[in-house]
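This report goes through one protein structure, part by part. Please look over the sequence and the structure before reading on.

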Amino acid sequence: MSLAACGSSGPSTTASAKGLTMWALNDQTILKESVDAYNKDHPDAKITLRLFANDDYKQKLRVAFGANQAPDLFFNWGGGALNDYVKAGKVDALTTSEVHTDRYTPSVLRSATFDGKVYGVPANGLAPVVLYYNKKVLAHAGVKPPKTYDDLLAAVQKLKAKDVVPLSLAANSKWPTLMHLEYLLDRTGGAEVFAKIASGDSAAWKNPPVTKANQYLQELSEAGAFGDNASSVNYDQGSSTALLYTGKAAMEVMGTWEYANIAKAAPDFRKSGDLGYTAFPALTDGSGDPKNIVGNPSNFLSLNSSTSQKTEALTYLKDYVLNDSQGCRGPPPACTGRTGTGTP
C-alpha cells in the first residue's frame, strides 16, 4: 500500500544477467535497504528491484505469472492472494534451515503458512491501522479526536460546517474502504466474527454483526463523513493523503505506512506537530474490544518456484531480510525477542 510512482518505472538497482529479479511496492524503504546491502556484498550478481504502485502491482504480477515471466522474488500480503499462487504451484515452500523462519513471530508467519508449510518471509514489521488527524483542522472546528462512534458522527457535522471533508477516503482504490468496515465489524461483533469469515465459513457472512457493520458504514457515508467525491479519490495517486496534510480533510483511517508517505510528501507538515493519530472509535453498544487493532501482520517476500537462482534467493532471504543490522524493524517488529522502531 503505497503512494504512487509510475508502475512501469525502471529498475532501482543495476541489472545483471546473473542477478535476481525482485518486484515490490514503492514505499518499502526497509526492503530497499536490504537489497542495497545484498548488492554491495554481491557486485557481480546484484538484485534488480522494480517498484510499483499498489493497484498496478497486483495486476502486473498476475499477468507476469500467467506469462511465466514473474520475478524470482515477489512482495505480497500473504493470505488468500498468496495462497492462490501456492495452489497453482507458482511458489516454493521455505524451511527453517533455509531461511531461519523460527526467528519470526508465529502469529505473523501464519498469514503465509498453508497446510503447515511457510511460503513467505516477513519483509517488514506489523502495520496497524490507526485514525490519523490534522490537529489544526480539528481545533478550528472545535472538535477533539473521537473516542466513540457517536463522537465521530458529531465531529462529522461540525467539520462539514467548516467545509472540511471529515474523513479522507480513497474509495476508488476499494481496499481503504475495507479498513473502515473491518473496524466496524470488529467493534460490533468482536474478532471472532471476522475469524469465522477468514476460516472460509460462508455462513459467517450472515452473522448479524456483518449486517450491522455495513449499516454503520452506510450511516457514515450518508452523514457526509467521506465528502462528495470519495469514489473518485485514488490512493496510489496520493490524493487521500494530500487531503489530510493540506487541511482539506480532518482525519484518515490508514495503516502506519502512511506516516512515511506524509513525511516524504509534506515534511513541513510532519515537523509542525499538527499530525496526530489515535485508535479507531469504540462502539458503546458493540461487543468488540475497543482496544482491538486491525492491520497487516506483515508483508512478505516469496520465492518463485520457477527461479533458476534458488540458492542466491535463499541467501538473500536468510541473511539480508530483517537481519540484525535492520533490527527487525517495525513498528511493531515481526521477529521474536526484538523491539520495533519507527513512528507511529
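Is P71 buried or exposed? P71 has a relative accessibility of 2%, so this residue counts as buried. The model described here is a predicted one.

## Around P71

P71 is found in the loop that runs between α2 and β3 (73–76). Leaving aside residues up to four places away in sequence, P71 is in contact with T21, M22, W23, L61 and N304. One of these, W23, is 48 residues from P71 along the chain, yet the C-alpha atoms of W23 and P71 are 6.5 Å apart.

## Nonpolar cores

In soluble globular proteins, nonpolar side chains tend to be buried together. In this model the largest nonpolar core holds 53 residues. Within that core, the residues with the most contacts are L159, L167, L184, L220, F226 and M251. At least two core residues come from each of these elements: the strands β7 (127–134) and β9 (249–255), and the helices α6 (135–140), α7 (149–161), α8 (175–189), α9 (191–198), α10 (208–222) and α12 (257–265).

What does L159 touch, not counting residues up to four places away in sequence? Its partners are V137, L138, A141, V143, V164, P166, A250 and M251. Apart from the largest core lies another, with 46 residues. L61, L73, V121 and V321 are among the members of this other core. L61 is also one of the residues that P71 touches.

## Salt bridges

How many salt bridges are there? The count is five, and three of them are described here. D55 pairs with K58, with 3.7 Å between the closest N and O atoms. Both residues belong to helix α2 (residues 54–66), and because they are three residues apart, about one helical turn separates them. D55 is partly exposed, at a relative accessible area of 27%, and K58 is likewise partly exposed, at 27%.

D92 forms a salt bridge with K310, and the closest N and O atoms are 3.5 Å apart. D92 sits in the loop between α3 (79–87) and α4 (96–99), while K310 is in helix α14 (residues 310–319), so this salt bridge ties together parts 218 residues apart in sequence. D92 counts as buried because its relative accessibility is 19% and the cut-off for buried is under 20%. K310, with a relative accessible area of 31%, is partly exposed.

The side chains of K136 and D274 also meet in a salt bridge, at 3.8 Å from N to O. This pair links distant parts of the chain, 138 residues apart: K136 is in helix α6, and D274 is in the loop between α13 (267–272) and β10 (275–278). Are the two partners buried or exposed? K136 is exposed, with a relative accessible area of 56%, whereas D274 is buried, at 18%.

## The largest pocket

Rolling a probe the size of a water molecule over the atoms shows where empty space is left. The largest pocket in this model has a volume of about 1700 Å³. Its lining consists of 42 residues, and those nearest the pocket centre are E182, F194, G295, N296 and P297.

Which element gives the largest share of the lining? Helix α8 does, with seven residues. This helix also supplies at least two residues of the largest nonpolar core. By type, the lining of the largest pocket is made up of 26 nonpolar, 12 polar and four charged residues.

Note on methods. Residues numbered from 1 in each chain as written. Predicted model: local features only at pLDDT ≥ 70, side-chain atom pairs only at ≥ 80, totals over all residues. Heavy atoms only, no water. Core = buried A, V, L, I, M, F, W, Y, C linked by side-chain atoms within 4.5 Å. Buried < 20%, exposed > 50% of the residue type's maximum accessible area, 1.4 Å probe, protein only. Helix = DSSP H or I, 4+ residues; strand = E, 2+ residues; numbered from the N terminus. Contact = heavy atoms within 4.5 Å. Salt bridge = Lys/Arg side-chain N within 4 Å of Asp/Glu carboxyl O. 1 Å grid on protein atoms, 1.4 Å probe; cavity = no way out; pocket = protein on both sides within 12 Å on 5 of 7 lines; lining within 4 Å. Points joined across faces, edges and corners; volume = space filled by probe spheres on them. Nonpolar A, V, L, I, M, F, W, Y, C, P; charged D, E, K, R; others polar.
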